[in-house]
Structure formats: structure tokens, C-alpha cells
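Q: Can you take me through this structure in plain words? I would like to start with the terms.

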Number of protein chains: 2
Amino acid sequence: MAAPAQEPTLVKKDAHPFERAQLEGLMTKRFFYTQAFEIYGGVAGLYDYGPSGAALQSNIINYWRNHFIIEEDMLELDTTIMTLSDVLKTSGHVDKFADWMVKDTKTGEIYRADHMVENVLEARLKGDAEARAKESGQAVADAAPTANDKKTKKKAKSVAVKLPDDEVSAYHKILAQIDDYSGAQLSEIIKKYDLRAPASGNEVSEPTEFNLMFESNIGPTGQIKGYLRPETAQGHFVNFERLLDFNNGRVPFASAQIGKSFRNEISPRAGLLRVREFVMAEIEHYVDPENKNHARFHEVEHIVVPLLHRDVQKAGETTLKKMTIGEAVRSGMIDNETLGYFIGRIYLFLEAIGIDVNRLRFRQHMENEMAHYASDCWDAELLTSYGWIECVGCADRSAYDLTMHSNRTKRELVVQVPLKEPKVYQKYVPTLNKKVLGPAFKKDAKLIEDTVLGLDQDQLKALQADLANGSASVQANGSTFTLTPEQVAVEYKTIKESVRSFTPNVIEPSFGIGRIFYALLEHSFWAREEDKERGVLSLPPLVAPFKVLIVPISSNEQLSPLAQQVCKRLRKLNIPSRIDDSSATIGRRYARNDELGTPFAVTIDFASVAKGTLTLRERDTTAQRIGTVDEVVDVVQQLCTGRLDWTGACQKLPAYTGTQDVDA
Amino acid sequence: MAAPAQEPTLVKKDAHPFERAQLEGLMTKRFFYTQAFEIYGGVAGLYDYGPSGAALQSNIINYWRNHFIIEEDMLELDTTIMTLSDVLKTSGHVDKFADWMVKDTKTGEIYRADHMVENVLEARLKGDAEARAKESGQAVADAAPTANDKKTKKKAKSVAVKLPDDEVSAYHKILAQIDDYSGAQLSEIIKKYDLRAPASGNEVSEPTEFNLMFESNIGPTGQIKGYLRPETAQGHFVNFERLLDFNNGRVPFASAQIGKSFRNEISPRAGLLRVREFVMAEIEHYVDPENKNHARFHEVEHIVVPLLHRDVQKAGETTLKKMTIGEAVRSGMIDNETLGYFIGRIYLFLEAIGIDVNRLRFRQHMENEMAHYASDCWDAELLTSYGWIECVGCADRSAYDLTMHSNRTKRELVVQVPLKEPKVYQKYVPTLNKKVLGPAFKKDAKLIEDTVLGLDQDQLKALQADLANGSASVQANGSTFTLTPEQVAVEYKTIKESVRSFTPNVIEPSFGIGRIFYALLEHSFWAREEDKERGVLSLPPLVAPFKVLIVPISSNEQLSPLAQQVCKRLRKLNIPSRIDDSSATIGRRYARNDELGTPFAVTIDFASVAKGTLTLRERDTTAQRIGTVDEVVDVVQQLCTGRLDWTGACQKLPAYTGTQDVDA
């Protein structure tokens, strides 16, 4: 993650400084989420979503399904979480999906190696700054909290010790590259600067690799090894043949999957941003490598997106460039139309669910940051109190995964396209006479055959020439074999191909739903000037956990039947709504629902019963309108399905002046 | 599972006998589901859902969420799959969630013990029947396939050997009770009848227990043991305090959760009916044990449900009794209103998604079948080609789980209800004078304190009397301690309670979504008389994977823009639809979509382009109607959202006579 600079300030409508503790308090109090197994002491990195959080998450997922799967006619999948180890061996996860860890040599406490290095260096730099400030008689402002603050449970304490100038700059350089170090490099840094376990000051062990997949055994014999999937993507790739067949053998098309994935983090931190179990939504879009245009590109090309290009990052800057997706693709900044299309669709999705697009940027990966096979990669990053957080990755994975699975399983994971005009060309083709070859070379015959079939065109041409002279020799496994024209022939043939066969490239938009969920909460959270202790979550009706609060103005029993009736009508329309008939004041009941992000409240008073009217309150403005039960229910339904906004609602319902119910 | 008898016959509309292989072929061909990791050879008991299956499953789940969570204002949860071992130790799963297995003493092959016994005995009985038939000169009809057929990969072969009569009846008795045997009893049966491994004929080992939970470690130290949850229920119970608080401290209320659970089956079989990873939807309804009435009972009491009472089963019968839920509760057949209410809601849910209610029954558990703490339990069973399958369990779990978690964690998982009138009563209350007790008994003081505080009213009364006589003795840990009135006092006090505190009872409807999914497919599957090779899936629009097929009548390019336009309009309405512009005949394209269960097809011909009309085809009747684009889109939307049925649609759109497009 690049260091945030030129950040839009975290200003909310009330202009109070954002306090993460206040939001976190709200999350627990109103049961959005909580640490799992809390009554058993809890487990780090595992979270349970309560009624408000589960409903919000489920609404985000439903909209994702509508926006991507249904709107774009994607092929949905639901593949298993428990994954055969062979599959993850092929994908590289068994060998490479690991972090480096170090152990306190005396207490045995375990740290993620890069986090420990970062932690100790930051503490020393802080101590250095304090010492320098003392020297010059200045006070040092506490640094703003960063994601690093929670990286290890026991944070190294800073001591005011001045460091040599060159060491300060060395530390800064290390911290800038902390994500890129190998185990050996981390080991060298730890030794060179005598970095020690933050909690105890003891020496730490050599860094060792720890695979981040949860491991288990399938069946009673322990012979089938399985892992909990670290991503849903492999479940798409192993089903590619069936997906292609379902799509009548044609590309482009996309598969999509929403589901849980797992990473056995060494030391989870930063709340919902780094967890051991999380929901992902992944799209794998299969495309002809020779044509990455997108039929619906025109629908997004006008959208202006904030881009952080890799050249800008290379220059050490983070200035965002705002331009249309059309410009970005035409100028080559974004590699192709399909990538551009998805960047546009991701932007629209995030905006619709309520993300503050002023705290959104698309950051292109540096060349050394991408996997070697990837041709381009852009992350949608959201600015939170932890800094800029990668929430959606959008990568061109090229043909890598399908090729690897194909090599391993010997299944042809390719697309075949009839050519309009057959392709005619000439090439050298070897023929082996096995009847002669076998007796002549016995056990080496197969080796010779494979070698000859593996020769390239130049080699075959030379082989043909040699054979024409009576004999030719081939090298295999360090031996030389002499072949005769009777054993092998090479012909220069005319080839006519009527089908083009290729492994499709894969463009993968991959969404971390939990991270989006958390960023959305930060972006939606504020407090009213007149009630700073209580927060308001300005979630759009589309995703708000509950849409309507029904508030009888008093506990008088005359009001209850109408409250029940309105609630039932809304339920039948699948609009989640709750009655709050507690004895709290009406203001307090509104405030409690502002905390839940409930966008609308319907108030039932004696005029309602007498005249069949309801007042409708909007959460952000606290404005109230009035109408008949039918009118209000109708407006609420339109508001909740996005067919009407509050301005439109105000045109349909007159303002509530507070006098309309007096003459009842 | 009880033996099926008086089964409604598996008659479909075409009256062809149901062939499971045909349905299974369709499932694979049209990618409803397939064995996971197929290209790697597959893993038993793990299935991937393809586009048709994932969409169907997702529609079932969405309807479940609307029908239960939103309609009934339940509190949704999303708790972790990875579960702390302590939690599952408390729930009993670590000790008891196991099956017995035996191992072939020579090949090492593993069998689930009860399945092996069943398998061998069934083979012997079949051989016996053959031998007896030969004796009497009659042919033996092959038994209908049962779930047992797939219980072991390698099925024991029957050999025509006649058995003694008493052995035949012993075998039948064993088979009838096969689910209830302990390991020791299975061992005895295996030895007594010399049962051997079906594949090899070798002896098998003593039965050993195999825990069915997938085990893993959380974090890098291996010190935190975790299991993949075998049910979602424990995730509800550990969050009970927060849920109750969310509901303002009041019962009744329900929590609900939809998510994956896992069972590491010894030898999975029977397709989707016994798998290692599956989706569950579970409701935990918390209720006052002294009042299990339900406020909305009147909404379901008129529903007639097919009940299989435990008394009927005890008599060895399976006759269903059809009666209203109201009658069943009033007569005491169903224990309480809340159980009855959920049985009604389950019935409505299954009916709405397309289950054939003539192949549905509610079977009450026998007393010895229920957990000791359960007060009543009814399973919704669906009749499939595997027999009657438990698809929804509806159990009254009493206060068991909350009590166990409370005991273990020392948290008070109780509801507190203010009493209208305070409860006044008298009781013996001991007081310990610790200042005197401590010096007198030193390390034993705490033990004595706990012992005295644990005495019941009779014991306290006796203690008071003894103390009045100068001294009393208490027994603890095998020692006797003599206490004086200075150390301990017992008073007969008047107690006034203004709050009633109780552990709520839990009524749990628990849905196996995968089993319902499979049963629904069997109930929906048939073939037309004129096209027996191809199946039709008569799925209701509510759950059908795709709602509308858009069929341009030919590949003429004039038709394509209108097809795209109709498709886009439907997509914007979130109606999943697909264009089939392949070169196949129109009949073949309809047939392919009948296989997918697509309820409607919109046909685009030259009249459509010229006059703006579309024809609308209904899948089951193949009837076609005609209307303008607007009319047809509107009718389709109403059909898909359940606001209109086909009869209603026919009133809005005239029949297509085939001539309307000629005069274009």
C-alpha cells in the first residue's frame, strides 16, 4: 500500500474529527459485528455479523449480484470451500501463499516478520524524533494512527534516543519497501540493526515461512489433503470446460462467485480489514487474447475516474489524475477496454452502495508488484482511518491459471473458433516409424520420439537436410542418437487450419466484501452537532439494514393496531421494517435508528388513527412529510427500490408542519 | 428414517417412470451441479454448483430470507465457519458427533460400520430370496433402488444362498434398528453373523469412532484448535446476549442464519443428499418456557398438513394423518403453538418454491430418537427416488444449549421479565462469617463456604436446627467439618422478587438447502410424450434459474437489435434472461430451455420488428400468447414477481394463432 498523500480530509457533514473508537463502539453496541466467540474469550481475526451487519452485508451482496451477475448475464458458480490440495499445488498456493514469521527465542511468542521489523523501526524513528525535538526544544505531535498501530498486539515502545542520520534514512528506505522483502532480506535487516521482539526485548529466530492456508484432511483415512480456499478463483478455473460448454463454446463470457475464503493470518489486526475468514465476490472474465475489446464499453467510457498511474508512483508521488475511462484506455494508461469496462462498473457499484467517491482511487500496480504473468492490474482503494485500503483488485491474469491447470490435468482448456477463411501455411512435420525405431533403440525409443516431436521448425529443417545426406543425430538426456531415413522422415507440408484454438485470457475483478463493508461504514458515519455522542450512519436505502422504523408516538394501545398493520404491509412488500414501541422518547427512538442507518421513519399518532395519515421522516435531513397511509407506503416502496429519491418524495408528500394532526 | 410405505407414486405429468440417471445426466449436461475437482479426478461428497444450480440455489435462499427473516422480522446472523474447539466441546460435538467405522484388516479399506452391516445383510437377504424363489420356481423382481444402494462404493454382491428362517427375521430386526446401534452392538452383530468387508471378503477391525468434524488449527502456533462448524446453531447461541439486547431484552424473538456447514462423512453417497459441505438455513426461536404460544398462530392454523405421528410409527405403520395445524396443536399431537406455527410456515415455504406437497410429510421423532433434552421434534420429509428424506428438522431444544454455554462461560444467558406483582415467599438463607471462618479453617474455608451455599432448603433447615443446638457438621470432599453459630448463621427470610429470570427455550427449524434443492429437482422433472429423451423442469418462476429465454426466430441480423433491447429491458428489471441466437431449430432451443426450467420464452420474428409485437411461450403448456413489447415485458415482470399467474397472463394477452405475424 502506498503512503497516503493529498488525502481528501476525513470531513463529515458535522465537521467533527472522525473517531474510530466511536464508530467501533457503535458497531458493537448496535451489533453490526463483534469478535467471534466473545463469551469464550474471542479469537483474533474472526468476526460474527449481527442483525444490522448481516442485513447490510446481505444487501451489498444482493446488489452486487444484480449489478454484475444479472445485469451482465454472468455465469454464477458456487464451488466448495474445502479444496483438494492438488488444485492449490497447481495454482502455486501450496508453495507460495506464505508469510515470514519470527519467534521470540525465549518466550516463543510469534510475530509476522515484516510487521515486527516495521514496528521496531517505527518505534526507533519515533524515539529519534522525540530526542531531536528535545534537543531543539520543540514538542512532537503524536503521529496520526496508522494501520501499523495494530500490527502486533504488543507494540514496541519508543524511547527518546537519537539515531545517526544515515540510520534514519536507512530505516525510511526499509519501511518504504517493507512489503517486498524475502525471508533472507528480513533476516539480514533484523541482524544488521539488532531488531528484537517488541514485547520482551529478546532476540528472535531466523524468519521461517508459514503457509496461510488452513489445512485439513478429507475422509477418514487422512490420505486426501485439503485446504480451505484462500480465494474463490480456482473453483472457476477447474470448471472452465463446463462453463465454456454452457456458453455454447464462445468467449467472451464471465463466471462469478460470492463466498467465504480463508487466510490463517499470523497476527490479524486492523479489525475487519485483515481477518481469517471473509466474504469475497470474484468475477473471472474469459476473453480472446487477441481481442480485449468489450461490447458494452461505450456504456462506461464517459465516466470520470481518479487514477493513480504507476509512472506517478515511480516518481514517489500520489497525485490522482481524473479522466474519463475512454481517454485512459485510448491513451494506453489502462491496458484494454475490458479492464476499463470493469473499472467503470466497479466505480458505479461502489457509488451506488454509498461509498464516498472522493475517498476512492484506482491505483495501478507497479511492474514488480504484479505477478510475472499479469499484464495489468488496478486496485480500487478506499481511504479509511487506516489509510488507503485495497478493496477491489482488477487484474489481467493472462492465460496463466488455465494453462497451469491444463498442463497438470492434460485437459485442453481452450476455446476453438472457426476461421472465416482457413489458414494455409507450410511447415516441417516429422514422422516416426515406430516399427523400426522400437527394435533399434528399445527403451530409448520413447525418449527419441519425444525429442523429435519437440524440435522446432529450424531444427526440423536441419534434421531433414541431414537425413537427406543419409543420417542425422539428435541429443537427448545427454546422449546422442543417430537416426536413419528409415526410422524418421521430415516432410515440408501444406497445412490447412479451419479452426483457431487458444487459451483465453482472464480478467479478474475481485471484491473483498468485508473491507468494502467497513469502508462504507466509515464513509457513512458522522454525528449531529446537537448530539455528538450518538452517531448517524447515512447508508443509502439500497443497502441500509432496515428501511423503515415505525414509531407509535406513545404507548397508548389505540396506536398499536395501525403500527402492526403498516408493518405488515411493508413486510409483504419485502421492505424490512421494525416497530419501536419502547417507552423511550420519540427523539431517542429516532436517534437509535439513526445509529442503525435506518433511512426512514413512519410516525403514528392519534391523527393517524383518526384521519389515516402518517408522517414520514428522512434520516439525514430529519425533515418530515405527511400523507395518507397508502401514499406514504407507496412513496416508501419507491424510495427503497430506488425509483424515487427524497427530493422526488417531497414533491409527492407535503411538509409536515406539526399542525396537521391538531385538528384531528 | 422410517421405511416408506403407502408412498404416493412417483407419477409425473407424462406418466413415464422416473429415471434417476436421466435427471442426473441433465444435471451434469446443463451444469446444475457436478462433482468438485472433476478434472483432478473428483472428491466424493463435494459438489460444485454451476450457473443453473447456483442461480436456483440463490433464488431458493432469497425466497427463504424474504419468507422467514424479513416477513417475520427475524434477526439475521452471519457467524464464522471456523469454530473454536471449546464451543463445540460444550455443545457436545467434540465428544459425540461421530460415526462408527471399521477397517478391512488386510486392504485397509474403510467402511462406515452401520452401512457395512446393512449392506452385507441386505445382500444376504437378497440371496436368500433368490434361493427361495428358485425352490418355488418363481422369479424375483429386483427391489426398487433405495438410498442403501450407494452407501458403499463397492456393494456386497448377493449370492443365492438360503438362510434359516430365524436368521432372516433377525436380519430384518437389525435393519429396522440400524440407526440406533452403539459401537459395541455393531461389533457383536459383525462377529455373531461373521460379516465381512464387501469388497474383499476379508475380516474387519473392531468398530472405532470417527469424529465427523473437519479439524484445523487457528494461527501459527497450533495452540488454538478449531473445527469447521457442523451446524450454524452454535453461532447463534454464543451470541445470545447481544441478540437479546438487540431485541430490547424481550422474548419471543428469532435469530436466523444461512451458510455453509461441514461434515467429514466416512463414505459419502446418494449424491447431494449426503455431502461433506452443504448450505444450511437455521432459525433459533427463543421463547418463554411457560408460554409457547405464538402471536401469529392464527395465520397458519387452518393449513392442512400430512402428519406421521409417533404413535403410528410405534405401531409399525406409516399412515399419514391429514389435519389442520390448529387441530394438531389443540389435540396435543404437536406440542405447542410455536412448533405448529413453524410447521405451517415450512409447509408454505416448500409449496411456494415448487415442492410437490403430495410428496411431503411431517414425521414426529420417536421418544428414543430425540436428544434427551428435546421436548418434541418433527421432520419435514420429502419423497425422492432415495425414499423419504429429512429436509427440514423442527425441534424444541428446550433450554439445553444456552444452559450448557452459560455453565461453561459463567455468563448469565437469561431473560429477565418484570413481574406484574412481586413474588413474596420465605426461604432459608445462610450467612457465612468469613472473618471467623478463614482463621478457623484456613485453606478449607472456601470449600466449606461453597458447600454451605450449595445446600438445599431441607439441608439448610436441618443446619439451622443443629446450630440452634450449639454446633452443626457439614460433609465436603470426604471430610466432616464442625461449624459454630459464630461461623455460620441460617435465617428463615421473607423474599420479595420483582423480576422473573429464566433461560429461554429454543425452537429450531433447520433447513438442509441442498436436500431441498435436490428433492425439488426430482419433483419438477418430467419428459414430454413426444420427446422422451429430453427432460422438462417445471420450476416455478419464483426460483427458476433463468426467467425468460429470448429467441430470435432466425439468425437474420434484422432481429438482433430488438432481441438485445428486450434483453436489456428485462435485465434492468432484474429478470435474469438469456438470448439464444444459436443456429439450432426453434424447437430445439425451446427444448434446451425446458431442461433449464426457464418458464417463459419470448420469440422475436419479422412481425416483431415490423409491428413491435412479441410472442410469449409458457414452458409447461407450450401455449403461446402475443402482445406489444411493452405489454409482454409488463406481463413477464408480473409473472416473475408472483403478481400474476399464467391464467391471468392469458387474460391480458390474446392467444398467438400463428397468423398475426403473416399480415406484417
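A: Helices and strands here are DSSP runs, numbered from the N terminus: a helix is H or I with at least four residues, and a strand is E with at least two. In chain B, P252(B) sits in the loop between α9 (240-246) and β10. The model is predicted, so local features need pLDDT of at least 70, side-chain atom pairs count only at pLDDT 80 or more, and totals for chains, interfaces and linings use all residues. Residues are numbered from 1 along each chain as its sequence is written, chains are lettered from A and ligands numbered from 1 in the order in which they are written, and side-chain values use heavy atoms, with hydrogens and water left out.

Q: What kind of peptide bond leads from V251(B) to P252(B)?
A: The bond is cis, with omega near 0°. In chain A, V251(A) and P252(A) are also joined by a cis peptide bond, and omega there is about -5°. P252(A) lies in the loop between α9 (240-246) and β10 of chain A.

Q: What about the backbone at D73(B)?
A: Phi of D73(B) is near 55°, which is a positive value in a residue other than glycine. D73(B) belongs to the loop between α2 and β3 of chain B.

Q: New topic. How does chain B lie on chain A?
A: A turn of 180° and a shift of 0.0 Å along the axis lay chain B on chain A with an RMSD of 0.3 Å. The two copies are thus related as by a two-fold rotation axis. The superposition is by least squares on the C-alpha atoms of residues with pLDDT of at least 70 in both copies.

Q: Which residue of chain B comes closest to the axis?
A: That is S216(B), at 2.9 Å by its C-alpha. Both copies use the same surface: 100% of the contact residues of chain B recur in chain A. Contact means heavy atoms within 4.5 Å.

Q: How many cavities are there?
A: There are five cavities of 30 Å³ or more. On a 1 Å grid over the protein atoms alone, a cavity is a set of points where a 1.4 Å probe fits but cannot get out, and lining residues have an atom within 4 Å of a point. Points are joined across faces, edges and corners, and a volume is the space filled by probe spheres set on them.

Q: What is the volume of the largest cavity, and which residues are closest to its centre?
A: The volume is about 620 Å³. Of the 30 lining residues, I61(A), I258(A), I61(B), I258(B) and G259(B) are the closest to the centre. In both chain A and chain B, α2 (51-70), β3 (75-77) and β10 (253-262) each supply at least two residues of the lining.

Q: And the second largest cavity: what volume does it have?
A: About 150 Å³. Its lining has 13 residues, with Y47(A), Y49(A), E277(A), F278(A) and V279(A) nearest the centre. β2 (47-49) and β11 (277-287) of chain A are the elements that give two or more residues. β11(A) gives the most, with three.

Q: Last one. Where do α5(A) and α6(A) meet?
A: Among the residues in contact are V117(A), L121(A) and L125(A) in α5(A), and V168(A), Y171(A) and L175(A) in α6(A).

Definitions and conventions:
1 Å grid on protein atoms, 1.4 Å probe; cavity = no way out; pocket = protein on both sides within 12 Å on 5 of 7 lines; lining within 4 Å.
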